Amino acid sequence: MKFAIALLALVGVVAASSLHQKYEVKIADKAFLEKQKFLFEIVYRVEDPLAFEEYIKKGEKFYFEESHYTHFDLYMKKFFEAYKAHALLPKGEFFGALVKHHAKQARGLFNFFYYAKDWETFATNVAFARMHFNEGMFVYALTLAVIHRDDFHGLMLPAVHEIFPQFFFNSKFVFEAEKFDYEMWMKTSLYEKEYLDVYHKTGSHGFGNMYQSSDYTYIKDFKTWQWWKLMGLGEHFYSEDKYILRENIYEFNQEGKWLAMMKDVKKFYMPVDYSRDLHHYNEESQLSYFTEDLGWNAYWYYLNMDYSFFLDGSTFGLKNDRRGEWWLYNVHQLLSRYYMERLSHGLGEIPQFSWYHQIEMGYDPQMVYYNGIGFSARKNYYEMETYGNFEMLDKITGFLGRIRNIIAMGYYKTADGQTIDLRKPESIEFIGNLMQGNIDTLDNMFFQFWYMLAHMYFADTDYQQMEVYPNVMLNFETMMRDPMFYMFYKSIAEVYFQFMHHLPKYTKEQLLLPGVTLKHVEISELTTYFDLVDFDVSNMLNDKMVFHEGQFVWDKSLFARQMRLNHKPFSYTYTIESDKVEKVVIRAFLGPKYDEFGRTISLADNRMNFMEIDEFYYELKAGSNLISRQSNEFTWTVKDRTTYTELYRYVMMAYDGKYDFPLDISEPHCGFPDRLVLPKGWKSGLHMQMFFMVLPYAAPSHEQFATFDQTHSCGIGSGARYLDAMPFGYPFDREVDEYEFFVPNMYFKDVTIYHTDSMDKYEQYKGYSDYGHFDYAFFNDYYTKYFKL
């Protein structure tokens, strides 16, 4: 497993490769497997009644007594009072992590999970909550507990898109999945042909053979990611006995135990599109493949679970991780990545956000909650102020005005008389906590809830509402689908840049690494394409659960087969001259070179558009150093996660003594998808630039690897997640003085990102004999070519 720590940008690196240490992967023992089995089974088909008899019996009670907990607070008392008064959010209702009453109740439930004295108390509470409490709240609190309990390192839940696929796929797919009936499927014609956007002709018929055989005719608005139309498949479930698709499947599908484990699983696949509502169509719809990407949205979700706004920094160690600075820097880097994707489509800067002007770009998520209620849509040119709660709006805008004023003044006095100097670099932690509205905000009586109120305002949700309509802005796993997210968060990032504006620019002496020269960087070709992946959505399976000798038999799985952005593996080679042995950190950034009009962007303006794509530790020798770096070595990125179906069957094999279950079997939740490192680019080549810098190694304040095992833990709260103690984004964190900035240990390189159309061959494919069936050659061709299988 590559240990992933960060984001799009990342400075977060704590991999074995960082300090050239190796660790033996641990194998799960029986006690661990029992706990892992419980966690996998307790969230299976979480919207349905619990079907596991042993957990039904276990969950006959909930421990509300204070003696069962290491800590008992007001939130737990309030949760118990709400339970007795039947005032908890009912089962089947929409849960929004950013709805005030939902968040308070979720915090109480989390505390009952987190502070449980032992596993028995925890498991009993979880089983009871699974049967009696709201499903969304239950999963939210359970996920937080599994991530943050110190005694749970190595334990995991399925990926969030596997627990709640409804948050990631359109309603057409969700309805097909939820009504899927295996017996009915067996009786119907499987390969129904649909002539919607692509007309396929397999032979010549009449009219003097006026049509040639094997023609493809484009009828409507065909998109690359609608691959199934060129293969003659409809948007229905079909069965394939071959392997599931993901970029790292080759690590499994040639291994005997994996093949034996999966051979009895009946697998069903359905093509899935992204949202493109012609009625609400606007230019942002071109980016739906990116903004609705599962990995992109899951990254933001898990970041906000790792550093949840209601977890205090002292109790959970989040202060050790510079939580405020880290959260705010992530916002900046995600916006940088999004901007580069916009450039790939000829779009320019992210539009400015205003509370008092129309939001030009509407959005219809085309999603449905598991209770059958659709997510709210926003029309084009939406006037937010007209529909808003003015009292709430005044509080939100009052906060934003106040934060800008205190940054301009340069200091802030808290309610207890403490003065914070906002001209010190370390004060970015204070600004980050304010902007996230987390509990570490020093003046939390005023600032803490502004962030939540802003999202409630977007969703037209009132203070006291308990039952609300589904809205993408109320949950972290859905909000990045909406173009308005990027506009609003751009205003948050502007506060970050305003703070940095008042810090002194780096001088040449500060940037210089004496005796070290970065002579050259050679970069291989940068190419992107769309590939196919199968996402496990078995949690929506509408089928009778089968038990044999008390054990659940997982013999059917549903998969959503979707096309998504990926890139061909690339590499770069550094040539570095050093006059002595030196411990260094090497950072690599990617950024635009030209704006949407082809004009060169000055470095002073462009520095905020750079995204950090790699960072690693190295010990230079005296003389010339030749260092090669592969894109699959980036320590903060991850490949596709092992699916829920596979993980469960691995656990059961190990539980029966037929498999050694390694704790690093799946990619960590805190990593950014490797395949999204590069923007889409152009067929003719999109001109970008890369920046490289060699800087001296500055050890972090907490010793590396002292408090967690990086082979199976993200190390949240350890203080040792990051490679060094330098500011996130250095040297682009502060404004650039171009007369002082350029030093020998830096290197700029112009690069070109090419895009190849994965479906080109089907336009020219004559005599495709397997029309109406999935073409596995598509997948094999790309992975044989790019990954040398």
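**Reading a predicted model: burial, sheets, cavity and backbone**

Tutor: Let us begin with E615, a residue whose relative accessible area is 0%, so it counts as buried. Keep in mind as we go on that this is a predicted model.

Student: Where does E615 lie?

Tutor: E615 belongs to strand 14. Its C-alpha atom is separated by 4.4 Å from that of R587, although the two residues are 28 residues apart along the chain.

Student: How should I read the sheet that contains strand 14, and what is the order of its strands?

Tutor: The order lists strands by their place in the sheet, and here it reads 3-4-11-8-19-18-13-14, for an open sheet of 8 strands with mixed pairing. Strand 3 (238–239) and strand 14 (611–620) are the edge strands, each pairing on one side only. Farther in, strand 13, which covers residues 582–592, pairs with strand 18 in the antiparallel sense over 9 bridges.

Student: Which residue is the bridge partner of I586 in strand 18?

Tutor: The partner is V694. A helix also packs on this sheet, namely helix 14 (residues 323–343), which touches strand 11 (556–567), strand 13, strand 14 and strand 18, and whose direction makes about 115° with that of strand 14.

Student: Which strands form the sheet with the order 7-12-15, and what is the sense of their pairing?

Tutor: Strands 7, 12 and 15 form this open sheet of 3 strands, and the pairing is antiparallel. Strand 7 (516–523) and strand 15 (623–630) each have a single partner strand, so at these edges one side of each is left without a neighbour in the sheet. If direction is ignored, neighbouring strands of this sheet are turned against each other by 20° on average. Strand 12 (residues 571–578) and strand 15 run antiparallel and are joined by 8 bridges; in strand 15, S628 is the bridge partner of T573.

Student: Let us turn to the interior: how many cavities of 30 Å³ or more does a search of the whole structure find?

Tutor: A cavity is a space where a probe fits but cannot get out, and the search finds 11 of them at 30 Å³ or more. The largest cavity has a volume of about 330 Å³ and is lined by 26 residues, with H161, G295, K639, D640 and R641 lying nearest its centre. Helix 7 (160–163), helix 12 (294–306) and strand 8 (526–536) are the elements that give two or more residues to this lining, and helix 12 provides the largest share, 5 residues.

Student: What classes of residue make up the lining of the largest cavity?

Tutor: By class, the lining of the largest cavity has 10 nonpolar, 6 polar and 10 charged residues.

Student: How do I read the backbone angles?

Tutor: Most residues other than glycine have a negative phi, and most peptide bonds are trans, so departures from either pattern deserve a look. R45, which is not a glycine, has a positive phi of about 45°, and H86 likewise has a positive phi, near 55°. R45 is found in the loop between helix 1 (30–42) and helix 2 (53–58), while H86 is placed in the loop between helix 3 (74–84) and helix 4 (100–114).

Student: Is R45 buried or exposed, and is H86 buried or exposed?

Tutor: With a relative accessible area of 8%, R45 is buried, whereas H86 has 74% relative accessibility and therefore counts as exposed.

Student: Which peptide bond is cis?

Tutor: The bond from Y730 to P731 is cis, with omega near 10°, and P731 is found in the loop between strand 18 (686–696) and helix 24 (738–741).

Conventions: Residues are numbered from 1 along each chain as its sequence is written. This is a predicted model: local features need pLDDT of at least 70, side-chain atom pairs count only at pLDDT 80 or more; totals for chains, interfaces and linings use all residues. Side-chain values use heavy atoms; hydrogens and water are left out. Helices (H or I, at least four residues) and strands (E, at least two) are DSSP runs, numbered from the N terminus. Buried means under 20% relative accessible area, exposed over 50%, partly exposed in between (1.4 Å probe, protein chains only). Two strands pair if DSSP finds at least two bridges between them. Contact means heavy atoms within 4.5 Å. Axes are lines fitted to C-alpha atoms, for helices over the stretch in contact, and angles run from 0 to 180 degrees between N-to-C directions. On a 1 Å grid over the protein atoms alone, a cavity is a set of points where a 1.4 Å probe fits but cannot get out, and a pocket is an open set with protein on both sides within 12 Å along at least five of seven lines; lining residues have an atom within 4 Å of a point. Grid points are joined across faces, edges and corners, and a volume is the space filled by probe spheres set on the points. Ala, Val, Leu, Ile, Met, Phe, Trp, Tyr, Cys and Pro count as nonpolar, Asp, Glu, Lys and Arg as charged, and the others, Gly among them, as polar.
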